[in-house]
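Work through the exercises below with the model open. Each task is followed by a stepwise solution.

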Amino acid sequence: MFQSRTHTCNELRIEHVGETVTLAGWYENLRRVSKNLGFLILRDFYGETQVVIESEEMMEKISSVNRESTISVTGVVRERSSKNAALPTGEIEVVPESMEVLGKCYYNALPFEVSRSREADENARLRYRYLDLRNPEVKSKIVMRSRIVAELRQRMMDLGFLEITTPILTCSSPEGARDYLVPSRNHPGKFYALPQAPQQFKQLLMASGFDRYFQIAPCFRDEDARADRSPGEFYQLDMEMAFASQEDVFSIIEQVLPPVFEKYGTYDRASRAPFTRISFRDSMERFGTDKPDLRIRLELTEATEVLKDCGFEPFNGAVIKAVVCPEFTESRKVIDKICADVEVQTGRKAYWFKAGADGSLTGGISKFLAERKDDVLSALSLKGGELVLLAAGTRQEAQKTAGAARKIVANYAERYMDKECYEFCWIVDFPMYEIGEESGELEFCHNPFSMPQGGMKALKEQDPLEIYAYQYDLVCNGIELSSGAVRNHDPEIMIEAFRLVGLGEEDVKAKFPAMYNAFCYGAPPHAGIAPGVDRMVMLLAGEDSIREVIPFPMNKNAQDIMMGAPSEVSPKQLEDVHIKLDIKE
């Protein structure tokens, strides 16, 4: 019968010397000195302890046990002669009197060294995730995630929010990504959908009279993976407030997030309230993106007027944006690498020249600017020593290419960036509508449930492309944490908003029956937001991949290679849900 441990592997200290203790954990490794002397490392969830084997009998016993087996050790604590200051238990060791194998590892060879699992191939790590998670460095990210979620939950409750869970099986709804569909057994030919977000349910809660709602909500979207996006499922801190404005939402987030980031983050500095606010159009003009990293001190400069008709063919008829990098001392090789990285990232070329201390323009496209040198120096406020990166094309192309150049140059010349902090900002005043790239028709730019600024009057009288929405994004260090909005709670305004994109009243009623009908019974103005938990933890942990902070992530192809999902199912299971497969070769 297993004897309960008396201490964890991170608990024993010098004051325990002389005590008889029982430890239990994983046999990590053994450094054998002789046939009757060896140093065994025992590891559990909490830490590790050195066990000193000093008998031939005990050495023979451990020699038959494979590493990563779980064992129980009972023995006496003594002071170490050679102390390890890097280990909390480094002043003591345990001399075993007895040892028992609790869970045998049947494999002599491991797929990777547990303590160095992060160096292994990612597919191997995901296939043997239960071994990967034994690595204290990997495990610590999951522990951090648990503590962050608990703190977020407590802070929301302290602000009067009520945690309410919403359905997982629901109806398909247009949220901007593909649904995961679940066939119904009792209703042939009909399907449930896993929620892309609890959007409609949380708005229905507001219409039901709940004042402040939140949940750590699971969301399901059939979309491709990225470094900051897990395929399949993710979690968000979903919240909604009745009788609330954009300012109320901002106030809540600015109270909740900065203390969490300062407490758990890799960096101990985070923006304080109020966060910087930047309109969508200003953000595109100044940073070339609606997800600006404000740690970077460079901004885009309009260069169209001064550089047009200079004889450089790519600038003909183009919008030109510049990134002026002062005191640039890196080599030509670095400049070429920056330009190459921009092209790989955007598919468009970046151009450049340098301004000398004597007012000269050199390198890159400088020969095309010789005749207007003084105008260029003045228009771009060049004082000498600057690298000027340039992007050309349509306004959107020039903005995005220059925006990429801004981020890339900051990675090569770190003086342009204060990396040791978390910089939040709000991106506000998003356009309500846009012309779809594929359809060429008027479409909603973001969330169709957002309230247009100016309400019905704006919808009736303004050019749709000039209408702004009460839509906002929360951005931290160049990563979008969340979108949110003041909701359109007025059925008449909702119908008019959808009419502009070609959907009539009957379409609205058919697509959103519950919400439309609920709003017809007197809905309060309401607003909300839903910061992504996975992305927050990724930022706080200082990780580049979101998979490092998810206990059991899928791979980039949306496969769980540990469990074998997605998998085939039996003909009987398909028959139960009235499905026949027609898979084209």
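Two strands pair if DSSP finds at least two bridges between them. Helices (H or I, at least four residues) and strands (E, at least two) are DSSP runs, numbered from the N terminus. This is a predicted model, in which local features need pLDDT of at least 70, side-chain atom pairs count only at pLDDT 80 or more, and totals for chains, interfaces and linings use all residues. Residues are numbered from 1 along each chain as its sequence is written, and side-chain values use heavy atoms, with hydrogens and water left out.

**Exercise 1. Describe how strand E2 is joined to strand E3.**

Step 1. Take E2 (residues 37-43) and E3; 6 bridges join them, and they run antiparallel.
Step 2. Pick one bridge: Gly38 has Ile53 of E3 as its partner.
Step 3. Trace the connection. A hairpin of 4 residues leads from E2 to E3.
Step 4. Check the cover of E3 (residues 48-53): 5 of its 6 residues are buried. Buried means under 20% relative accessible area, exposed over 50%, partly exposed in between (1.4 Å probe, protein chains only).

**Exercise 2. Find the edges of the open sheet of 5 strands.**

Step 1. Write down the order, E12-E13-E16-E14-E15, with antiparallel pairing.
Step 2. Read off the ends. E12 (300-302) and E15 (361-362) each have a single partner strand, so one side of each lacks a neighbour in the sheet.
Step 3. Inspect one end: E12 is joined to E13 (residues 319-325) by 3 bridges. Here Glu302 faces Lys321 in E13.
Step 4. Add the helix. H7 (residues 280-287) lies across E12 and E13, at about 95° to E12. Axes are lines fitted to C-alpha atoms, for helices over the stretch in contact (heavy atoms within 4.5 Å). Angles run from 0 to 180 degrees between N-to-C directions.

**Exercise 3. Which residues touch the most other members of the largest nonpolar core?**

Step 1. Define the set: buried Ala, Val, Leu, Ile, Met, Phe, Trp, Tyr and Cys residues joined through side-chain atoms within 4.5 Å.
Step 2. Among its 69 residues, Phe261 and Phe424 touch the most other members.
Step 3. Find the leading contributor: helix H6 (residues 246-264), with 9 residues.
Step 4. List contacts of Phe424 beyond four places in sequence; among them are Leu257, Phe261, Phe275, Leu294 and Leu474.

**Exercise 4. Summarise the whole chain.**

Step 1. Count the elements: 17 helices and 22 strands.
Step 2. Assess burial: 50% of the 585 residues are buried.
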